[in-house]
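Reader: Before I rely on any label in a structural description, I would like to hear the reasoning behind it. Could you take me through this model term by term?

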Amino acid sequence: MFARALALLLALGVVASSAHAQDEEVDLALARTREQVLYAQYPSAIAAAESLLARRTLSAQQRNAALEVLATAQLADQQLDAARETLLQLFARDPDHRLADPDASPPVISAFARARESRPAVVDVRLRHDAPTAWSGREPPTVTVTAEQGADAIHELRLSYRGAGDPGFSQIVLNPRGATWTGRIPLTATRARASEVVFYVLAFAPSGARLGQRGSEAEPLHMRVEADVPSADEAARAGRIADEISPADVARARARSRSLTDEPAFWTVLALVIAGGVAAAVAIPLTTQGQGPDQGSLGSVTLMH
């Protein structure tokens with residue numbers, strides 16, 4: 001069991017390390033493409049940006065950055081129709097995207113502003129959730145959300161939940177894994193009576209613009225939390241066990257668990273040990289009294305008058 005868990009942890013570590021290395025490689029490629037635009041190498045920058053966009057493993061933030069660089073290079077190379085299509089795609093993915101290049105030329109800034117103000121139709125993000133409709137376990141319930149469409153535009157999924165008696169909604173960020181996000185609603189472990197938890201999920205672009213949702217604050221999803229009471233079988237089993245334990249069994253158990261200090265022999269042995277230690281401490285000085293210093297390795301010398 002331990003070996004299996006260790007192997008799983010190592011595998012997760014390898015996956016995380018590989019993903020981190022891939023992110024660094026993409027970021028370096030984006031930096032090189034921006035440098036090509038800076039030095040007016042527009043055809044090379046366009047080819048590099050299109051090569052990046054062909055990858056399926058880009059995060060939403062990386063894909064939007066590649067679209068921005070591509071549109072900038074196309075505008076600078078006077079490919080105006082292609083640039084317009086690229087900008088419409090960018091602002092459909094993130095309606096509130098802001099130009100990251102602080103040194104962009106006025107024509108580039110103007111083209112981005114026009115595309116943003118045109119408000120193209122936002123990418124269609126469709127979410128499907130998998131959560132228990134009733135929960136009675138000790139562990140917090142897990143919610144899994146899958147993006148059936150528009151997954152590569154999603155930067156973050158947030159789940160808002162409210163339990164019975166809570167004054168407002170609390171929020172957790174779900175953990176991404178491909179087109180699937182998971183998280184646990186931190187419910188209390190025990191409840192004396194049945195109650196209900198309501199929740200909903202929102203999808204956001206890198207800028208924070210909302211792209212889609214599953215449920216809402218006005219019409220949330222529902223989960224019933226069962227009362228934490230023993231079942232009839234558990235109660236009957238507990239009653240049988242209690243009936244089978246006699247007072248004599250309890251007395252014997254207490255006798256077996258009695259502390260060492262409760263035993264009379266413990267104190268007798270302790271008194272003998274202390275008495276022996278005191279006697280030895282008195283006898284040692286008496287036997288050594290009157291003896292001179294030990295002779296050294298060169299012998300002793302007596303002074304004569």
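**Labels and their grounds**

Author: Let us begin with glutamate 85, which is found in helix 4, a helix that covers residues 80–93. Please keep in mind throughout that this is a predicted model.

Reader: Why is glutamate 85 called exposed?

Author: The relative accessibility of glutamate 85 is 54%, and the label exposed is given to values over 50%, so glutamate 85 counts as exposed. As for its surroundings, glutamate 85 and alanine 115 are 30 residues apart in sequence, while their C-alpha atoms are 9.5 Å apart in space.

Reader: What makes helix 4 oblique to helix 5?

Author: The axes of helix 4 and helix 5 come within 9 Å and cross at roughly 50°. An angle counts as oblique when it falls outside the ranges under 35, 65 to 115 and over 145 degrees, and helix 4 is therefore oblique to helix 5. The crossing in which helix 4 passes helix 5 is right-handed.

Reader: Why are helix 2 and helix 3 called roughly antiparallel?

Author: Their axes come within 9 Å and cross at roughly 155°; since roughly antiparallel applies to angles over 145 degrees, helix 2 and helix 3 are given that description. The crossing of helix 2 and helix 3 is left-handed.

Reader: How do you know how helix 3 is oriented relative to helix 4?

Author: Helix 3 and helix 4 pack at an angle of about 160°, and their axes are 8 Å apart. With the cut-off for roughly antiparallel set at over 145 degrees, helix 3 is therefore roughly antiparallel to helix 4. Helix 3 passes helix 4 in a left-handed crossing.

Reader: Why does glutamine 62 count as buried?

Author: Glutamine 62 lies in helix 3, and its relative accessibility is 7%. Buried means under 20%, so glutamine 62 is placed in that class. The C-alpha atoms of glutamine 62 and valine 26 are separated by 7.6 Å, although the two residues are 36 residues apart along the chain.

Reader: Is tyrosine 161 buried or exposed, and why?

Author: Tyrosine 161 has its place in strand 4, residues 156–162. Its relative accessibility is 12%, and because the limit for buried is under 20%, tyrosine 161 counts as buried. Between the C-alpha atoms of tyrosine 161 and glutamine 171, which are 10 residues apart along the chain, the separation is 6.3 Å.

Reader: Why is alanine 40 called partly exposed?

Author: Alanine 40 lies in the loop between helix 1 and helix 2, with a relative accessible area of 44%. Buried requires a value under 20% and exposed a value over 50%, with partly exposed in between, so alanine 40 is partly exposed. Its backbone also deserves a remark, in that alanine 40 has a positive phi of about 60° although it is not a glycine.

Reader: What makes glutamine 78 exposed?

Author: Glutamine 78, in the loop between helix 3 and helix 4, has a relative accessibility of 59%; as exposed means over 50%, that label follows for glutamine 78. Phi of glutamine 78 is near 65°, which is a positive value in a residue other than glycine.

Reader: How do you know where empty space is left?

Author: Rolling a probe the size of a water molecule over the atoms shows where such space remains. In this model, the largest pocket has a volume of about 740 Å³. Its lining has 24 residues, among which Thr57, Leu58, Ser59, Ala60 and Gly178 lie nearest the centre. Helix 1, helix 3 and strand 6 each supply at least two residues of that lining, and the lining residues of the largest pocket divide into 10 nonpolar, 6 polar and 8 charged.

Reader: What lines the second largest pocket?

Author: The second largest pocket, with a volume of about 440 Å³, is lined by 19 residues, of which Val37, Thr72, Asp101, Ala104 and Val108 lie nearest its centre. Helix 1, helix 3 and helix 5 each supply at least two lining residues, and the largest share, 5 residues, comes from helix 3. By class, the lining of the second largest pocket divides into 12 nonpolar, 3 polar and 4 charged residues.

Terms used: Residues numbered from 1 in each chain as written. Predicted model: local features only at pLDDT ≥ 70, side-chain atom pairs only at ≥ 80, totals over all residues. Heavy atoms only, no water. Helix = DSSP H or I, 4+ residues; strand = E, 2+ residues; numbered from the N terminus. Buried < 20%, exposed > 50% of the residue type's maximum accessible area, 1.4 Å probe, protein only. 1 Å grid on protein atoms, 1.4 Å probe; cavity = no way out; pocket = protein on both sides within 12 Å on 5 of 7 lines; lining within 4 Å. Points joined across faces, edges and corners; volume = space filled by probe spheres on them. Nonpolar A, V, L, I, M, F, W, Y, C, P; charged D, E, K, R; others polar. Axes fitted to C-alpha atoms, helices over the stretch in contact; angles between N-to-C directions. Left-handed = near helix turned anticlockwise from the far one by under 90°.
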